[in-house]
Amino acid sequence: MITCPSCTRCTRAQAPALLCAGCGAPLGANIDLFAALNLPRRLVIDAVAMERAYHDLSRRIHPDRFAAAPAAARDASMRATALLTRAYRTLRDPVSRGRYWLELHGLKLGENNQRVPAELAAMVFETQERLEELHESRTPENLAAVRARRDEVAGALEAATVELTRNFAAWDEDGGEADERRREALFRDLKAILSKIAYLTTLERDIGRELETARAA
Amino acid sequence: MARIFGIDLGTTNSLIAVMENGAPRVIADPETGRTLLPSVVAIAPEGGVAVGDAAIALEADPKRPSVVIRSVKRYMGLGGGELGAEERRRYEFADFSGPVVRFKIGDRVYTPPQISAEILRALKRRAEAALGEPVERVVVTVPAYFNDAQRQATKDAGRLAGLEVVRLVNEPTAASLAYGLEQLTDGYVAVYDFGGGTFDISILNIKGGVFEVIATNGDTHLGGDDLDQAIVAELLAGLPEEARADRELWNRARAAAEAAKQRLSTAESAEIRLETGAGALARTLSRADFERLAAPIVERSIECCRRALADAKLAPAAIDAVVLVGGSTRSPIVRRRVAEVFGRDPFCTIDPDQVVALGAAVQAGVLMGARSDLLLLDVAPLSLGIETMGGLMERLIHRNSTIPTSVTENFTTAVDNQTHVDIHVLQGEREMARDCRSLARFKLGPIEPAPAGLPRIEVTFLIDANGILNVTARDQRTGREHSVDVKPSYGLTDAEIERMLEESIDLGERDIEERLLIAARNDADQILAALAKQLREYGNLAGDEERRRMAEAAERLAAARAGTDRELISRLVEELNEVSTPFAHRIMDEAIGAALKRKSVDEIS
């Protein structure tokens, strides 16, 4: 329970929220990121509606609106805005949204995820070979081979993103609320997809760097 | 409540603006009508300051030796050891160590915030004289790519000038506000800001009055100054080393180079003539010559644009409008390259010298609640992190995070009964801590004795809306707030600023104008006292008519002396001098006569 630093009408403590229920001023409380954006806890999010909510809330709580306010209200505005911004940044990107979903349920992409996912092993191995060859000698053939790998990795990344969207939809449909085993399966699935995406993103970055050095040389 | 003013504290020129009837307006000097105040500060060795055109005049005046500092913005937030060899030649410095640059002038030492404060004070005086209302609260613009120390130094300058800096605003963002882009378009806008000493590129997403910066990049030591210096290097290339190290020659070469660069914005060639110890140096610089010198400098700015686009995950074609800001965008080579990179002609309908100040005034309007239709969501330009084991930089806040932004980290002890945890905060994009810029250090504690790993101290790093770091800490077990004594790695401490504020009051640092007025009054006092004494002792030597004329002139002078018109006082001193000269001569003759008489008496005896 917290009290509003701006409120003149009510001084009573209230449940943690972004805005004071009495006067609408920022509270600077610690709440979850869905609540900060006034969104239901659902994984499929309409990007346009979320941006509108973000802009609308920013207009009401941003420190620019509290330049002449007392220090406590200015401080609350800054904290609330920092939270709102983190919420928007985290939930806008599907990958960080998925990671936050795990975090929210006390789970993490653990250290035991260091192993290359089996379905990616061949692709990772092959790409690293091609990168090494290009590193050794910058022939047009080696360059073309790496570019081909880049396209393949980009394709795999796109496919993984589609899988992620499907997983999100499944959560929202039944949420595994009733069925513990269904829930476990969805978590396992989400972890696997996110870890695959992490691998592919690293791979894409390595390819990008190598191509950049080749271009500069 | 008093109005909030907008200030563009530029490398080359500074301006002050304010909202009037819903539109921003730059405030001109009521005497000269000029809107730009050259960011030039002259300091006399014995104290005394002149700013702007008055300082430039002193640069060329050998009778009144002053140290004239240009482009002080380039020194803001730098440590003494960070000055390059070329920069060390420019001025005399007190030392090349310590957390802040110290200019040495006479036997006194000045830091960049103190010198910038003089520019701010001059702007404050100008606006107060023009509008007849006090200027107390201001928005000051800074380059988007300014780091924490540079921002803090700018805030310190405001404090030293007796101003409350309500908000620091990034220059390209301010420029986008001045353009009223919210009325023109919803979409992506790139602001290319090539100023006198700094370069910024910001990419914004504008939607329904919300200006959301999505990426920014830049170089705080890249600007028109570098173009001038490239020309100077070319000009002086044939001269021996000691001639090139001559500060006075270099200053004249810089002025000639700047003038030539400006002419080349419209002309195809420019003549440069420079007197050196070894005769005159004449050179014709064609636009092609200039562009050959400028190309590598302009390319550095283009590289920043590429990085910003990559961070924004946008192709150049996705940008709906490009806006040019800063005096250096007058050079055709700059306009051409920007048009090539973004594939469209840039906007430049507002004077590039004024647009930032106008935008600062608009943001001041937002803060006063007069423009609640607008909202700026800016970003932190550099990643923030801490040094971890093995000298690595662990990133806590990524570059281009919307501000204000905060992150909370838990810290614990590594050995039993450890009483403090040392934390080193860094800013930058490199992997190794030593390659990033040190921002601050602080100690957490005292921690109550406990086995290693048991204490839990929650530290919140918050970058505020000015882009400046604030740190708070809380002991999770006791819930007690820890006071965090953050020691900035660069810049002034609060105690130093306090001392500077006191000193400036104690020493009564005065304007050079004011000092000249005092000198004129002293002259008046001297001549009035001398005349009174002469009239008492030799009154018989003056005729009635002469006595009346002298009395009138003395009266006029005494009246003027009570006022502040220095030139009038000087003129009346001259007049009284002239009127009383015959009388003075007679006194001399009389005195000499008396001496001669004495002499003859002596000789006789």
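A residue counts as buried if 20 or more other C-beta atoms lie within 10 Å of its own, as exposed if 12 or fewer do, and as partly exposed in between. In this predicted model, Glu258(B) has 19 other C-beta atoms within 10 Å, so it comes out as partly exposed. Glu258(B) sits in helix α9 of chain B, which runs over residues 247-263. Glu299(B) is 41 residues away from Glu258(B) in sequence, and their C-alpha atoms are 20 Å apart in space.

Zooming out to chain B as a whole, the C-alpha atoms fill a box of roughly 105 × 70 × 55 Å along the principal axes. The secondary structure of this chain adds up to 16 helices and 29 strands. Of its 605 residues, 42% count as buried. As for contacts in chain B with a separation of 6 or more, 67% of them join residues 24 or more positions apart. The domain assignment splits off domain 1 (1-179 + 357-364), domain 2 (225-292), domain 3 (382-501) and domain 4 (512-604). Between the centres of domain 2 and domain 3 of chain B, taken over C-alpha atoms, there are 47 Å.

Helix α4 of chain B (residues 148-160) is a mostly covered one, with 12 of its 13 residues buried. Charged and polar names turn up in that buried set too, including Asp148(B), Arg151(B), Gln152(B), Lys155(B) and Asp156(B). From first C-alpha to last, α4(B) reaches 18 Å, close to the 18 Å expected at 1.5 Å a residue. Just past the end of α4(B), Gly162(B) adopts a positive phi of about 75 degrees.

Over in chain A, helix α2 (residues 47-61) has 15 residues, which should span 21 Å at 1.5 Å a residue; the end C-alpha atoms are indeed 21 Å apart, so the two values agree. The buried residues of α2(A) are Tyr54(A), Leu57(A), Ser58(A) and Ile61(A). These cover an arc of only 105 degrees around the axis, which means that they sit on the same side of α2(A). The face turned away from that buried side carries the exposed residues Val48(A), Ala49(A) and Asp56(A). What do the buried residues of α2(A) pack against? Their partners are α3 (71-92) of chain A, along with β14 (210-219) and β18 (375-377) of chain B.

That brings in the contact between the chains, where 14 residues of chain A touch 17 residues of chain B. On the chain A side, α2 and α3 are the elements that give two or more residues, and α3(A) gives the most, with 6 residues. By class, this side of chain A has 5 nonpolar, 5 polar and 4 charged residues.

Then there are the nonpolar cores. In soluble globular proteins, nonpolar side chains tend to be buried together. Here the largest nonpolar core has 168 residues, and those with the most contacts inside it are Leu84(A), Ile7(B), Val41(B), Val138(B), Val139(B), Tyr192(B) and Ala360(B). Taking Ile7(B) and leaving aside its neighbours within four places in sequence, the contacts include Ser14(B), Ile16(B), Leu120(B), Leu123(B), Val138(B), Val139(B) and Ala360(B). Apart from the largest core lies another one, of 17 residues, among them Trp101(A), Val153(A), Leu200(A) and Ile207(A).

Technical notes. Residues are numbered from 1 along each chain as its sequence is written. Chains are lettered from A and ligands numbered from 1 in the order in which they are written. This is a predicted model: local features need pLDDT of at least 70, side-chain atom pairs count only at pLDDT 80 or more; totals for chains, interfaces and linings use all residues. Helices (H or I, at least four residues) and strands (E, at least two) are DSSP runs, numbered from the N terminus. The expected span of a helix is 1.5 Å times one less than its number of residues. The arc is that of the directions from the helix axis to the C-beta atoms. Two residues are in contact if their C-beta atoms, placed from the backbone, lie within 7 Å. A nonpolar core is a set of buried Ala, Val, Leu, Ile, Met, Phe, Trp, Tyr and Cys residues joined through C-beta atoms within 7 Å. Domain bounds come from an automatic or database domain assignment.
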